[in-house]
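Here is a short tour for the bench. Have the sequence and the 3D view open side by side, and take the topics in whichever order suits you.

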Amino acid sequence: MAFTPFDWTEEESGRRAAAGLVRTLRPRPAGTEVLDLASNDYLGLTRHPEVTGAAAGAARKWGAGATGSRLVTGSTDLHAELESELADFCGFEAALVFSSGYAANLAALTALSRADGLIVSDAANHASIVDGCRLARARTEVVAHADPEAVRKALESRTGPALVVSDSVFSVDGDAAPLAALAAVCRSTGAGLVVDDAHGLGVLGAGGRGAPAACGLAGDEGLVATLTLSKSLGSQGGAILGPASVIRHLVNTARTFIFDTGLAPASAGAALASLAVLRREPERAVRVREVATRMYERLTAEGLSAARPDAAVVSVRAPSPESAVRWAADCREAGLAVGCFRPPSVPDGVSRLRLTARADLTDDRVDTALDTIVRTAPRGTA
Ligand code: PMP
């Protein structure tokens, strides 16, 4: 057969299959009959009638799409209202929304670092942070996970401006970053701090105001937070929160803001409605943490190897990638959706089931899910 330029993709695919690392897309039913611990809908808001109603209303009023970059086709009142509400809720001076959290991280890292500078990045940071560092013109130094002293060492040996970047809650194991210590290191060395609060918003801090608020760092002039609207807020999109001067700089320099179509009106409307629900029902943030603790305590009591959750993510270790895939499939067959993380998505090469706590689940439903996970656990998991 004739050679084609993409033959190598088939060869790579064969290697992935041999290592048990093939990813496939599975159909997702529209209903809610599957008990879903795979989604990031931590507060159960994505199907909330006020949220879906606001999405539909915004689409009817402003159109299904944003029609272009907000710098070209104009910026709606809806986007301005969402930015003002996000900043106010989380305790920052100003905010700018993006079409995704991924785009927000690319923006923060490329627009807030300098070509002659340094970015210090935690080894377990999310892929969008890794890609932001790759796109930035600054040099990146990757340091040991959750290690403020390693960050200090990296900063002390630099000559130019510096930025430190960390997830607030790490997406694989659900552990929290030592934010107060990182902020102290940044303050004493003159570095800026970028915190990706994708998994903190809606879960940590009073009423779910996020990890910076939980540490008394919201509104700090040396700190910028990035967010996704797609987890606790049940919508889609991203945001950057920080001093108004930083937000003005981003409008002028962040390529994923300038050259990307603005956030869809339906997503903006949905996120605004979720924030209104969260303001009215702050107990959702308490409940999601309670559910995470219940999951962790049962799993470890059953002898499974789980990391203590600092927020809504609970990870359970599996003996191999193949057994993790089988475990997730057995759960699915029993009506329970769980996440399955394998290399290369796990920094330490250990495959895991990734479970997410949800504020809208009763204890009974959580216990049913846990029964299934325990019953289907592969041998040698502890
Ligand atoms: N940061 C973290 C820590 C995430 O987990 C995610 C989503 N997986 C993102 C950023 C990207 O957000 P989005 O899905 O809105 O692009």
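The points below go through the ligand site, one helix and two loop residues. Please keep in mind that this is a predicted model. Around the ligand there are 15 residues, and helix 5 (residues 101-111) gives the most to that shell. Helix 6 (residues 127-135) has buried residues that pack against helix 5, among other elements.

**The ligand and its shell**

- Of the 15 residues around the ligand, the ones that come nearest are G101, D196, H199, T228 and K231.
- For G101, a polar backbone atom is 2.8 Å from an oxygen atom of the ligand.
- D196 uses its side chain: a polar atom there lies 2.6 Å from a nitrogen atom of the ligand.
- K231 also has a polar side-chain atom facing a ligand nitrogen in the list of distances, at 3.1 Å.
- On its own the ligand has 390 Å² of accessible area, and the protein covers 81% of this.
- By residue class, the shell holds 10 polar, 3 charged and 2 nonpolar residues.
- Helix 5 contributes 3 residues to the shell, the most of any element.

**Helix 6 and its two sides**

- In helix 6, the buried residues are S128, I129, G132 and C133.
- These residues sit on the same side of helix 6, because the arc they cover around the axis is only 140°.
- R134 and L135 are exposed, and they are found on the other side of helix 6.
- The packing partners of the buried residues are helix 5 and four strands: strand 3 (118-122), strand 4 (139-143), strand 5 (162-167) and strand 6 (192-196).

**T76, a loop residue**

- You will find T76 in the loop between helix 3 (70-73) and helix 4 (77-90).
- T76 has a relative accessible area of 17% and is therefore buried, since the cut-off for that word is under 20%.
- The side chain of T76 makes a polar contact of 2.6 Å with the side chain of H79.

**G210, another loop residue**

- G210 is placed in the loop between strand 6 and helix 9 (211-214).
- With a relative accessibility of 0%, G210 counts as buried.
- Leaving aside residues up to four places away in sequence, G210 touches D197, G200, L201, L204 and G205.
- From G210 to S315 the separation is 105 residues in sequence and 21 Å in space, C-alpha to C-alpha.

Technical notes: Residues are numbered from 1 along each chain as its sequence is written. This is a predicted model: local features need pLDDT of at least 70, side-chain atom pairs count only at pLDDT 80 or more; totals for chains, interfaces and linings use all residues. Side-chain values use heavy atoms; hydrogens and water are left out. A residue is near a molecule or strand if one of its heavy atoms lies within 4 Å of it. A polar contact is a pair of N or O atoms within 3.5 Å; within protein, one must be able to donate a hydrogen and the other to accept it, and residues adjacent in sequence count only if both atoms are side-chain atoms. Accessible areas come from the Shrake-Rupley method with a 1.4 Å probe; for residues, only the protein chains shown count as cover. Helices (H or I, at least four residues) and strands (E, at least two) are DSSP runs, numbered from the N terminus. Ala, Val, Leu, Ile, Met, Phe, Trp, Tyr, Cys and Pro count as nonpolar, Asp, Glu, Lys and Arg as charged, and the others, Gly among them, as polar. Buried means under 20% relative accessible area, exposed over 50%, partly exposed in between (1.4 Å probe, protein chains only). The arc is that of the directions from the helix axis to the C-beta atoms. Contact means heavy atoms within 4.5 Å.
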